[in-house]
Amino acid sequence: MYRYPTALLGLVLCLAQTIHTQEGPLPRPSISAEPGTVIPLGRPVTLQCRGPVGVYAFRLEREDRLEYKDNYNVFRLGPFESEARFRIDSVSEANAGLYRCIYYKTPRWSEHSDYLDLVVKETSGDTDSPVTEPDSSAGTVTGTEGSGFDAS
């Protein structure tokens with residue numbers, strides 16, 4: 001006769017812990033660039049945003065601007081991580097600057113990632129400049145919306 005209240009109390013405590021866990025901050029995403037953060041003028045670059053599994057969308061933002069690009073094409077990298085890719089086919093001086101990521105996981109947005117500084121390097125006919133072939137898995141970002149910079 002005392003088992004039921006004990007089981008009910010356990011269920012309530014478990015549910016309370018689950019709700020409390022969901023109210024805490026989401027893990028911060030990370031951002032990286034492929035093939036790197038210093039890109040020769042006219043070459044492609046892919047900015048990668050990573051977060052936990054269950055992310056609905058990633059947003060790539062430029063510093064001090066109302067420019068962003070959303071990506072709903074989120075890939076699961078493993079049991080604990082997901083990723084979205086933002087490709088710039090041909091970088092120009094206008095693409096240089098600080099970028100950061102944020103993601104949406106129901107019911108809210110995460111904190112921002114650290115900034116990534118994308119540097120566009122003028123080429124001076126240097127044959128030692130790295131030539132990067134477009135990554136066939138990166139492709140063009142589809143299902144995006146937003147305003148501003150060209151990260152198509």
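This is a short tour of the structure above, one selection at a time.

**Before you start**

The model is predicted, so local features are given only where pLDDT is at least 70 and side-chain atom pairs only at pLDDT 80 or more, while totals for chains, interfaces and linings use all residues. Residue numbers start from 1 along each chain as its sequence is written, and side-chain values use heavy atoms, with hydrogens and water left out.

**The whole protein**

Begin with a cartoon view. You will find 1 helix and 11 strands; helices (H or I, at least four residues) and strands (E, at least two) are DSSP runs, numbered from the N terminus. Following the chain from that end, the order is α-β-β-β-β-β-β-β-β-β-β-β.

Now switch on the surface. The protein exposes about 9,300 Å², and carbon and sulfur atoms supply 55% of it; these areas come from the Shrake-Rupley method with a 1.4 Å probe, and for residues only the protein chains shown count as cover. Of the 152 residues, 32% are buried. Buried means under 20% relative accessible area, exposed over 50%, and partly exposed in between (1.4 Å probe, protein chains only).

Among contacts between residues at least 6 apart in sequence, 70% join residues at least 24 apart. A contact here means heavy atoms within 4.5 Å.

**Stop one: V45 and the core**

Select V45, in strand β3 (residues 45-52). Its relative accessible area is 0%, so V45 is buried. Show what surrounds V45: leaving aside neighbours within four places in sequence, its contacts include A33, P35, I39, F86, V91 and L118. Another of them is I88; V45 and I88 are 43 residues apart in sequence, yet 5.4 Å apart in space, C-alpha to C-alpha.

Next, widen the selection to the largest nonpolar core, which has 20 residues. Such a core is a set of buried Ala, Val, Leu, Ile, Met, Phe, Trp, Tyr and Cys residues joined through side-chain atoms within 4.5 Å. Those with the most contacts inside this core are V45, L47, F58, L60, F86, Y99 and L118. The elements that give two or more residues to the core are β1 (30-34), β3, β4 (57-62), β7 (81-88), β8 (97-105) and β10 (116-121).

**Stop two: the aromatic rings**

Which residues do ring pairs link into a cluster? Select Y56, Y72, Y104 and W109. Rings of Phe, Tyr and Trp (its six-membered ring) pair if their centres lie within 6.5 Å; planes under 30 degrees apart count as stacked, over 60 as edge-to-face and the rest as tilted.

The whole structure holds 4 aromatic pairs. One of them, Y56 with Y104, is edge-to-face, at 6.4 Å centre to centre and 80° between the planes. This pair links distant parts of the chain: Y56 is in the loop between β3 and β4, Y104 is in strand β8, and they are 48 residues apart. Y104 also pairs with W109: the centres are 5.4 Å apart and the planes at 65°, so this pair is edge-to-face.

Is Y56 buried or exposed? Its relative accessible area is 53%, so Y56 is exposed. Y104, at 23%, counts as partly exposed, and W109, at 36%, as partly exposed too.

**Stop three: a charge over a ring**

Select R59 and Y68. R59 lies over the face of Y68, 4.1 Å from the ring centre. A charge sits over a ring if NZ of Lys or CZ of Arg is within 6 Å of the ring centre and within 35 degrees of the ring normal.

**Last stop: S110**

Finish in the loop between β9 (108-109) and β10, where S110 lies. S110 counts as buried because its relative accessibility is 8%. Not counting residues up to four places away in sequence, S110 touches L26, P27, P29, I102 and Y103.
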